[in-house]
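Pull up the model and keep the sequence beside it. We'll go through it piece by piece.

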Amino acid sequence: PPPDFSSIHLTNHDELLLPKNESEITVHHIWCEIFKQKQISTDTGIFSLGGHSLVIMQLFHRYKTQFHLKTNSLSISSLFQHPTIIDHAQLIQQSINIIHTLDDYSWFSLYTIKAKSSFAQERIFLDEQIRFSSTDNNTNMYVIPLMYHILSMNDHISISRLQHAFQSVILKHQVLRTAIHLDMNGVLVQNCLAANTIINDKKSSRFSIINLPDEEHEQNEIVKKILSQSNLFDLSKGHVINCHILRRDQSNGSLPENNDLLSKDDLILFTIHHACFDGASRSIFTHDLSLAYQSNELLPIDDNFLQYIDYSVYEHIMNMALSQEFWLSELKGYNLSRQLSLPVDRQRSSTEQRSGLASTAQITFDDEICTSFLNYASSHHLTLFQLGLSIFYVFLFKLSHGETDLCISSINANRYRSELVNMIGMFVSTLPYRVELDPQWSFDEVVKYVQEKCLSILQHSHYPLQHILSDLYLTQSNLSFLETMFDFITVSKDVNYLSLNGVSLEQISLHESCEMAKFDFSLTFIYNSSSDDNHLSCSFVCSRDLLNERTVITLSQRLKYLCEQIFLSNSIEKSDYTCSISISQLNLILLDEMKQMRDIMFCPQRNITNEGHALQKYVLTCNNNLSTKYFKIESLMDIWRS
């Protein structure tokens, strides 16, 4: 049977170690609360439980509050490097690591309704207006869709009650009723609309009911049509969120007679603009929606409640001198305009607009690789993000004929203060991740190097991309590292579900309906601990302007083969051979391609008198073939010599 990861913690000890002192008891309680466990061994590594950078941030803020720690008495990087309950309790007790942090003073509500937009809002707004200004096929490049259906045939949802709860959430979180526009001076500003504009606007297009046909194909087409509506959002008027009720035809008599009730076949689709919403906002949104639906009353609003616009003001006045120095040093000597040598099917001119169309491919790893992946991360005290990023760097190193100075972009949750943990908004920062690899390094050495790189960046992840570029006298358009994106998503057990007064709703994946290419070359790993099997997968989303679907599928096969070499060789029989050999010895040539090349080089061909000519012809074919075009002639000659 497939392994059940929900009940095991991948540790080197069978014995459950219990907390021994007050500090460990408190830390243990916090861990159990965050990971929703009843008992955790105090020597269990946090990464074997599915911990990642956002969880470390949550722990950091919880520790500061619970233990009344002073501003500079605890280090986030130390929590990463010492990842057990015992370690954290000791760090808290000793408070010996003194570093610069952002919590110099508490943030309070500024009671303002108009201010400059945040740096993240500005980045999203300008990207949509400039890079994708002429996009015809996908009007809404930055739509975040959340679609749910009722799990049980016997449960029902009240439409009127849902609408009331939906409006209540918008009232509580000002960012969901905030207009974003350029002022007379060309400065991007945000303006929070009054609450009564939402309450009094009963016929607002934010909440709509759409009839749904029985055919699944037509249903998908309707969803695609909704997601591509030109009037889905209007940032200048604060129209940034919608709720669409997709109802089945009630003439078949299978639905409740009450027109106000939704049943299992109906769908609820929320569409939210990315300028006011990110991945971490989803759980906050569903939590508040559930509370508002259950009480059927407006959510309580504290006037002192810190709003997103307050965060934007504080962000603009923060002292970022140390982070500025870090990023100048980090990118010193790197040619940011240099294009990475990737196997594209077409080149794009510097002035050409993006279509947003995507070529995609997905890999689902089997349980053996998933287990090896998780065990490796646990034994090396890595986050899954750090391990996935290491694999991506090795993949790019091989894919680009051995380029060692690699710079790509990745995103950070960027909720670096306790005040931001429960706030809906757009906080995600896009940052350059530069590495300088040594071809003779083993995979283990690459992983250690990447881990240190990630920890150093974490302390300065709040520094806006706009500042990084302006410091280097660059603009956001046509920077090569921004077009190669990496991300790692950890899906928690309850993130795919919504509960409305005891009625359970499950989220439906919409990747096929709304997949758009915001970047030229993007890889996302996904770890889903709630899945029964195949916990680990990854997907390529590449621009169809540059790469055909067939090419992307081949690239995904090469990445899967690379992962097999790294992790399947870590079995007991083969020890750590692959992780100890140099990364230059890893291979991207697929086994069937290897066989094909050997057949041509070593098997006599009937009616061919000059086999050297046949080999030369095959090499030329490889150079022009989509699946193997980026392999050098030396690769073939190495096989011939062996």
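Which residues of α9 are buried? They are S281, R282, I284, F285, T286, D288, L289, S290, A292 and Y293. Bear in mind from here on that this is a predicted model. The helix itself, residues 281–295, has 15 residues, so at 1.5 Å a residue it should span 21 Å, and its end C-alpha atoms are indeed 21 Å apart. Just after α9 comes N296, which has a positive phi near 55 degrees.

Let's zoom out for a moment. The protein has 21 helices and 17 strands. Of its 642 residues, 53% are buried. Now take the contacts between residues at least 6 apart in sequence: 78% of them join residues at least 24 apart.

Back to single helices, with α5 next. This one covers residues 119–130, and its twelve residues should span 16 Å at 1.5 Å a residue; the distance between the end C-alpha atoms, 16 Å, agrees. Its buried residues are F119, A120, Q121, R123, I124, F125, D127 and E128. What do they pack against? The partners are a mix of strands and helices: β4 (178–182), β5 (188–192), β9, α10 (308–317), β12 (429–436) and α15 (465–471).

Helix α14, residues 443–458, passes the length check too: 16 residues at 1.5 Å each should span 22 Å, and the end C-alpha atoms are 22 Å apart. The buried residues of α14 are F443, V446, V447, Y449, V450, Q451, K453, C454, L455, I457 and L458.

Now for a pair of helices. Two packed helices are described by the distance between their axes and the angle between them. How do the axes of α13 and α17 cross? Helix α13 (residues 384–399) and helix α17 (residues 549–567) have axes that come within 11 Å and cross at roughly 115 degrees. The crossing is right-handed. On the α13 side, the contact is made by L387, I391, V394, F395 and L399, while α17 brings L555, R558, L559, L562, C563 and F567. Sorted by character, the residues of this contact are ten nonpolar, no polar and one charged.

Hold on to F567, since it comes back among the aromatic pairs. A pair of aromatic rings is described by the distance of the centres and the angle of the planes. Counting rings whose centres lie within 6.5 Å, there are 28 aromatic pairs. One of them is Y148 with F270: the ring centres are 6.4 Å apart and the planes stand at 70 degrees, over the 60 needed, so the pair is edge-to-face. Y148 sits in strand β2 (residues 143–150) and F270 in strand β9 (residues 267–273), so you're looking at a link between distant parts of the chain, 122 residues apart. Both Y148 and F270 are buried.

Then there is F567 with Y376, which also form an edge-to-face pair, at 6.1 Å centre to centre and 80 degrees between the planes. Y376 lies in helix α12 (residues 367–379) and F567 in helix α17, so this pair ties together parts that are 191 residues apart in sequence. Are the two residues buried or exposed? Y376 has a relative accessible area of 7%, so it is buried. F567, at 1%, is buried as well.

Let's finish in the loops. Between α12 and α13 you'll find H381, a residue other than glycine with a positive phi near 55 degrees. H381 counts as partly exposed because its relative accessibility is 35%. In the loop between β14 (497–500) and β15 (503–508) is N501, which is not a glycine either, yet has a positive phi of about 55 degrees. Its relative accessibility is 40%, so N501 counts as partly exposed.

One more loop residue to click on is Q585, between α18 (577–580) and α19 (591–602). At 52% relative accessibility, Q585 is over the 50% cut-off and so counts as exposed. Which residue can you pair with Q585 across the sequence? Try P439: the two are 146 residues apart along the chain, and their C-alpha atoms are separated by 8.9 Å.

Technical notes
Residues are numbered from 1 along each chain as its sequence is written. This is a predicted model: local features need pLDDT of at least 70, side-chain atom pairs count only at pLDDT 80 or more; totals for chains, interfaces and linings use all residues. Side-chain values use heavy atoms; hydrogens and water are left out. Helices (H or I, at least four residues) and strands (E, at least two) are DSSP runs, numbered from the N terminus. The expected span of a helix is 1.5 Å times one less than its number of residues. Buried means under 20% relative accessible area, exposed over 50%, partly exposed in between (1.4 Å probe, protein chains only). Axes are lines fitted to C-alpha atoms, for helices over the stretch in contact, and angles run from 0 to 180 degrees between N-to-C directions. A crossing is left-handed if the near helix is turned anticlockwise from the far one by less than a right angle, and right-handed if clockwise. Contact means heavy atoms within 4.5 Å. Ala, Val, Leu, Ile, Met, Phe, Trp, Tyr, Cys and Pro count as nonpolar, Asp, Glu, Lys and Arg as charged, and the others, Gly among them, as polar. Rings of Phe, Tyr and Trp (its six-membered ring) pair if their centres lie within 6.5 Å; planes under 30 degrees apart count as stacked, over 60 as edge-to-face and the rest as tilted.
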